Amino acid sequence: MSSPGENLRINGDRLWDSLMDMAKIGPGIAGGNNRQTVTDADGEGRHLFQSWCEAAGLTMGVDEMGTMFARREGTDPSLAPVYVGSHLDTQPTGGKYDGVLGVLGGLEVVRTLNDLGIKTRHPIVVTNWTNEEGARFAPAMMASGVFSGVLDQADVYAHTDKDGKRFGDELERIGWNGSEKVGDRKIHAFFELHIEQGPILEDEGIDIGVVTHGQGLKWLQVTLTGKEAHTGSTPMPKRRNASLGMARVIELVHHTAMSHQPDAVGAVGHIEVYPNSRNIIAGKTVFTIDIRSPSKATLDEMDLTIRTGIEAIISDMDIGAEIEQVGAFDPVTFNEGCVSAIRNAAERLGYSHRNIISGAGHDACWINRVAPTAMVMCPCVDGLSHNEAEEISREWASAGADVLFHAVVETAGIVE
């Protein structure tokens, strides 16, 4: 298959303007975004994306998980499409680029093809996967998980947010529960552009990250149960302090990750303390543990170490514990052919590049199970993400989208 000429580039200004226009929907309080999945803001963002797709001549399909598929026809419609995209939903205090760059970068690929009058043999489909973040409804990468057969659709429909609202009901409420059966689509290849969400590329002055692997992940939700008591009148030896138990588990998680270097990470994120009163010893804590590694053996060993450590902590403190695994996926090795297409594109375009392991979960991690898949990354300032201060440069966005364009178009096949 022929490759696009190295002089072919996307319209960086148009891509940047689209990013800024999408950022106006669901604004945060500190310059970022709060466009959580299946909220009114999510619905508004979807409508804007749909309008752009229609203006680019794409036809829209929506499946029962609300995932949007915008198709540009190829010269041979019998061929499976090349898919490209990411997600439009954000964290409660999210940035303007996480996920969004991948969706709008995919749209920019199509817009550029239209500008240049280039036809491809395979159709190209720009995709917005529903609920990648997992912030409002766990688990993360929900729609791509159902698509790839890892998650059960009926089960995730029943998942509730902190207010008790069901995912399926909220998807219907905002009007984006499509009729297409999830997972029926055939995929020739899938490419996802994303910000790195880490500091490596910026620190090393590298333009492009060629993602070869994705870290495996386990999310554990831990409930520790002690005994509520007065902070002033309860003797120290008599206390069954659930918050102290949580503090010891936090230290355990940190030590476990540090003991499995390089690449392993771990932290306690979401925390709830009950009754959360200044003069009552906490009787219950609920918190989440996030551990990750590119090695399944290491991930399993960390899991066992943490579970064993928690048992020792609660035995010593006379408190109870429940541990529930609320999310997991094995480490990912991305498709060698798709990875090579990204690496070759970066070299053809003259961008500096390096292999990189994704420390975060992405829809590509699930789609890799059912189709050849790879990711391209661009730097982000200070490696900061899942934060309203998340920032990238216009040049980084353009470089990432240039590489995406070349990898996608080469895979889809130019019609001479």
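This short presentation describes the overall build of one protein chain, then its cysteines, and then two individual residues.

Good morning, colleagues. Please keep in mind throughout that we are looking at a predicted model.

I begin with the chain as a whole. Its secondary structure consists of 12 helices and 15 strands. The radius of gyration is 23 Å, and the globule rule gives 22 Å for 416 residues; the two values are close, so the chain is as compact as a globular protein of that length. Along the principal axes, the C-alpha trace spans about 80 × 45 × 35 Å.

How much of the chain is buried? Of the 416 residues, 56% fall into that class. As for contacts between residues with a separation of 6 or more, 80% come from residues 24 or more positions apart. The accessible surface amounts to about 16800 Å², and carbon and sulfur atoms contribute 48% of that area.

Turning to charge, we count 35 positive and 58 negative side chains. The centres of these two sets lie 4 Å apart.

I now come to the cysteines. A disulfide is a covalent bond between the sulfur atoms of two cysteines. How many disulfides does the structure hold? The number is zero. For C338, the nearest cysteine sulfur is that of C365, 14 Å away. Because a disulfide requires the two sulfur atoms to be within 2.5 Å, C338 is in no disulfide. C365 is likewise in no disulfide, its nearest cysteine sulfur being that of C338. Both residues are buried: C338 has a relative accessibility of 4%, and C365 one of 2%.

Let me next draw your attention to T212, which is found in strand β6, residues 208-214. Is T212 buried or exposed? With a relative accessible area of 15%, T212 is buried. Leaving aside residues up to four places away in sequence, T212 touches V332, T333, F334, V339, R343, N355 and I356.

My last residue is K284, located in strand β11, which comprises residues 284-293. At 33% relative accessibility, K284 counts as partly exposed. Which residues does K284 touch, not counting those up to four places away in sequence? They are T223, L224, T225, A242, E272, V273 and Y274. K284 and N241 are 43 residues apart in sequence, while their C-alpha atoms are 8.2 Å apart in space.

To close, I return to the two strand residues: T212 is buried, whereas K284 is partly exposed. Thank you for your attention.

Note on methods. Residues numbered from 1 in each chain as written. Predicted model: local features only at pLDDT ≥ 70, side-chain atom pairs only at ≥ 80, totals over all residues. Heavy atoms only, no water. Helix = DSSP H or I, 4+ residues; strand = E, 2+ residues; numbered from the N terminus. Rg over C-alpha atoms; globule rule 2.2 N^0.38 Å. Buried < 20%, exposed > 50% of the residue type's maximum accessible area, 1.4 Å probe, protein only. Contact = heavy atoms within 4.5 Å. Areas by Shrake-Rupley, 256 points an atom, 1.4 Å probe, with all protein chains shown as cover. Lys, Arg positive; Asp, Glu negative; His and termini not counted. Charge placed at Lys NZ, Arg CZ, Asp CG, Glu CD.
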